[in-house]
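Please read the following report alongside the displayed model, with attention to how its sheets are ordered and how its helices pack.

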Amino acid sequence: MSMLAEAATIATRVEALLARMSLAAKLGQMVQGERAWTTPDDVREYHLGSILSGGGSVPGANRPADWVAMNDAYWQASMATDGGRLPIPLLYGVDAVHGHANVLGATVFPHNIGLGATGDPALLERIARATAREILATGVDWTFAPTLAVAQDPRWGRTYESYSDDPALVARLGAAFVRGLQAERGPDGVVACAKHFLGDGGTTDGVDQGNTVASEEELLATHLTPYHPALEAGVLTVMASFNSWNGDKCHGHRWLLTDLLKHRLGFDGFVVSDWDGADYLSDDYAEAIAMAANAGVDMFMVSVEWRKCIETLRALVDAGTIPLARVDDAVRRILGVKLRYGLFDRPRPAERPWARRPAALGAAEHRAIAREAVRKSLVLLKHAPRVLPLSTGARILVAGRNADNRGHQCGGFTIEWQGVSGNARIEGGTSIWEGIRAVAPHAELVPDGAGADPSRHDVAVVVIGERPYAEGMGDIRSVPSPGAGSGPRAARRSSRRTASRWPWPTSIRKTSPRCGGFRQRRCPWWRCCFRAGRSWWTRKWPQRRRSSRPGCPGRRGAGVSDVLFGQADFTGRLSFRWPGAGGTLFPCGYGLTLG
Ligand code: GLC
């Protein structure tokens, strides 16, 4: 069917449905509840258009069967016809932002900061297709990805969700991810969501949900650029951003959400709010909801008070504060997405093809893609004197509290919203230590490095990085205090919250092999694997020795050892400028190879 013919058919079906919908049914479609506070009976009674899992909000034992059963119940409720109820299938949404990483056993890929270093759109499209299959294997249809943030300040706790500080790179990679997720809106695809519109990565001092100060020209050039190819790729939903632009919150910004996104750019999907995002527009709840709806929010993501949201919408429509025409426009968009995605033509979740293949979750072919992604995400910053590749026969000291911690490798939005620590809950992957141990029989793990016997080792690999975090919890806030100064020094003082306790290289140098003899000189042969959600401003380390870039290399520690032992060369390039004492230490695009 041609695109024009499809559009005409869908428009006809939308109008036919709309004509049969009560106001209650219309308003229900405009509200998304969170699973912990919403039952299938609620979906049936209130005609809810969607349900989501917030980070870490999982059913039962958090296995595919639990997810499919949950989605089946919600879908059945949404399709009820008792009492003349109009059946409209609901969409279930999750933050599958680096794999379907809420779910035990899912394949966890590097976060976007690591994928940005690959610079490989084809790889990202394969990652997205694999992620879509694992999402479908749990009966879910919608992921709030990709993030199209162009992060400008590494103090922002969501820097790792950004591919790059270069808008053009974000544009190339984001569009590829949309194509992979939606898979031509066929049976192997899910609904994608470009977020957060607009300017989330440009806030002053990197404050999460802060204020982006920019001219219209600057905003469009830096932060809108990635949305053009994402819209051309047919992204079906866009999420409004918590941040403000020049003091005006995006959730209530009609020029951004309607005039620019929907009218000028022709976006014909629907805009979903962020988590209770409308609430912050005003101290008066009704005023806040009215502002968001009239600005162009089509679906309200509501954590707990979704009944209050529906009741308030009803009152605002009855009072004429929200025109019925705006409700109809929002519902047309929501129905249009569901029809274009084919949701009305899909069977109940339990009977869908991928839901019958739970083994798709964490499939070997997906893990192989993840391992490839880790390899390609690593950036060699310094290699003098040359000590790579390591020999598998070498007596290797592996140190650092992040060396054997899959949870720390994976970062936020993994099993829990803020991520987890340790290996137990990250099934099927390998820590960096496990990857090294698998190929180097004489390797030894000494987490804090202290007490390592110098005579027992030929080389030390020190893994340092951050604890997992998500959103504002990862912000590095400059801590203004008397005499503390501001900028990087003060920021680093406040950054200790995210920096996991790692053995500063100096402690390794004092105790590690051969370093003893070089106490007064730099250790010529220890490797520092730096794994974090952002580039770190550093002065203290012998910076010449960081051998990999920031990033959450998922749980594929084996991908790291592939490169450390020469199975593959470094191909990654920094996708963010790396700050240093005098400004930019390494430019975007920088990276060495062993060859
Ligand atoms: C969060 C995030 C957003 C996420 C949503 C649902 O607050 O800002 O990126 O998709 O809520 O978890």
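## Strand pairing and helix packing

Gly-93 stands opposite Trp-142, a residue of strand S4. The model in which this pairing is found is a predicted one.

Strand S3, spanning residues 91-94, pairs with strand S4, which covers residues 142-143, in the parallel sense over two bridges. Within S4, Thr-143 is the bridge partner of Val-94. On its other pairing, S3 is joined by three bridges to strand S2 (residues 50-52), and these two strands likewise run parallel, with Leu-91 of S3 serving as the bridge partner of Ser-50. The side chains and positions along S3 alternate in direction: Leu-91 and Gly-93 point one way, whereas Tyr-92 and Val-94 point the other way, and all of them are buried.

These pairings belong to an open sheet of five strands, whose order is S4-S3-S2-S1-S11 and whose pairing is parallel. Its edges are formed by S4 and by strand S11 (300-302), each of which pairs on one side only. Helix H4 packs on this sheet, where it touches S2 and S3, and the direction of H4 makes about 140 degrees with that of S3. Taken in the order S2, helix H4 (residues 64-78) and S3, these elements make a right-handed β-α-β unit.

A further open sheet consists of three strands in the order S5-S7-S10, again with parallel pairing. Here the edge strands are S5 (193-197) and S10 (270-272), each pairing on one side only. From one strand to the next, the twist of this sheet averages 30 degrees. Strand S5 is joined by four bridges to strand S7 (residues 237-240), and the two run parallel; in S7, Met-239 is the bridge partner of Lys-195.

The bridge pairs named above, together with the residues that stand opposite each other, are gathered in the table.

| Residue | Partner | Strand of the partner |
|---|---|---|
| Ser-50 | Leu-91 | S3 |
| Gly-93 | Trp-142 | S4 |
| Val-94 | Thr-143 | S4 |
| Lys-195 | Met-239 | S7 |

As a general point, strands of a sheet pair through backbone hydrogen bonds, either parallel or antiparallel.

Turning to helix packing, the axes of helix H8 (residues 216-224) and helix H10 (residues 254-264) come within 14 Å and cross at roughly 65 degrees, and the crossing in which H8 passes H10 is right-handed. On the side of H8 the contact is made by Glu-216, Leu-219, Leu-220 and Leu-224, and on the side of H10 by Trp-255, Leu-256, Leu-260 and Arg-264. The residues of this contact divide into six nonpolar, no polar and two charged.

Which residues of H10 are buried? They are Leu-256, Leu-257, Thr-258, Leu-260, Leu-261 and Lys-262. Leu-256 and Leu-260 are thus named both among the buried residues of H10 and among the residues that make the contact with H8. Just after H10, Gly-266 takes a positive phi of about 75 degrees.

For the chain as a whole, there are 19 helices and 17 strands. Buried residues make up 63% of its 595 residues. Of the contacts in the chain between residues at least 6 apart in sequence, 76% join residues that are at least 24 apart.

Note on methods:
Residues numbered from 1 in each chain as written. Predicted model: local features only at pLDDT ≥ 70, side-chain atom pairs only at ≥ 80, totals over all residues. Heavy atoms only, no water. Axes fitted to C-alpha atoms, helices over the stretch in contact; angles between N-to-C directions. Left-handed = near helix turned anticlockwise from the far one by under 90°. Contact = heavy atoms within 4.5 Å. Nonpolar A, V, L, I, M, F, W, Y, C, P; charged D, E, K, R; others polar. Buried < 20%, exposed > 50% of the residue type's maximum accessible area, 1.4 Å probe, protein only. Pairing = 2+ DSSP bridges. Right-handed = clockwise from strand over helix to strand, strands pointing away.
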